[in-house]
Amino acid sequence: MKKFFILANWKSNKTIGEAEEWIKQLTTYNLPASPVSGQLTTNLEIILCPPFTILYPLKLSIEKLQLPIKLGAQDISPFPDGPYTGEVSGKMIAELAFYVLVGHSERRTYFEEKEQMIAQKIEMAISFNLTPIVCVSHLDEVKSLPCGFSGIILYEPISAIGTGEPDTPENANRMAERIKDFLGDIPIIYGGSVTSENVVSFLSQPRISGVGAGKASLDPLEFLKIVRNAAKI
Ligand code: PGA
């Protein structure tokens, strides 16, 4: 059975209180999970990427409620611990999360992240056993990844991010195929205006192993619908 990743990227949204409210509505009863083990009864892996300030409270809530959710950070310092004001190191993130987003197009655009820094961040994630989820919007960004990259790729065309105009599932699948031509058979997930209405059309594509939702993940009920629809495949 094919494994699917359902990723929620909250970006720069939600206070601790708002996050706790979101979690309250996503109890193990609501998720398609076994009430006994807390594990998803399906082949889904739910990854929640909140802001750094909420990782710890969410970790506590997830453990307490035994929710089948893995945490991811939205970024990682390219440096180890040390005099890098404002940065959060891989060692710190590894206490709280399993995954880390690297090179989101918003970081490339607003914070001028370039290939070398992205490569350093990937290296840092791997050295702390975090799985990097590298965001790309075109093939050049794939070609410049470090040799032997073996994390997850989140393909997000810029025109689809936050616009309500997703890529077509067929085009996303073609892109996933081309990415695999370069990187080998690693999981490729699609992001950009994913909703509960279109999630199945993306997950039905043979080369796509999941979806990343930004805006749609902020509303717990819409996110739950995404998970429920994905679980039907
Ligand atoms: P969106 O964002 O779902 O709001 O389009 C996706 C993303 O940037 O991860």
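Q: Which residues are linked with D75 in a network of salt bridges?
A: This is a predicted model, so side-chain atom pairs count only at pLDDT 80 or more. Within it, D75 belongs to a network of salt bridges. Its other members are R107, E113 and K121.

Q: How many salt bridges does the structure hold?
A: To count here, a side-chain nitrogen of Lys or Arg has to lie within 4 Å of a carboxyl oxygen of Asp or Glu. By that rule, the total for the structure is 14.

Q: How many residues apart in sequence are the parts tied together by K70 and E45?
A: Let's start with the contact itself: the side chains of K70 and E45 form a salt bridge at 3.6 Å, N to O. K70 sits in strand 3 (residues 69–73) and E45 in strand 2 (residues 44–49), so the pair joins parts separated in sequence by 25 residues.

Q: Is E45 buried or exposed?
A: Its partner K70 has 29% relative accessibility and is partly exposed. Buried means under 20%. E45 is at 11%, so E45 counts as buried.

Q: Which helix holds both E63 and K59?
A: These two form a salt bridge, with their closest N and O atoms 2.8 Å apart. E63 is partly exposed at 47% relative accessibility, and K59 is partly exposed at 21%. They are 4 residues apart, about one turn of the helix, and both lie in helix 2 (residues 52–65).

Q: Which residue forms a salt bridge with D185, and is that partner buried or exposed?
A: The D185 side chain meets that of K180 at 2.7 Å, N to O. D185 is exposed, at 70% relative accessibility. K180 has 15%, so the partner, K180, counts as buried.

Conventions:
Residues are numbered from 1 along each chain as its sequence is written. Side-chain values use heavy atoms; hydrogens and water are left out. Helices (H or I, at least four residues) and strands (E, at least two) are DSSP runs, numbered from the N terminus. Buried means under 20% relative accessible area, exposed over 50%, partly exposed in between (1.4 Å probe, protein chains only).
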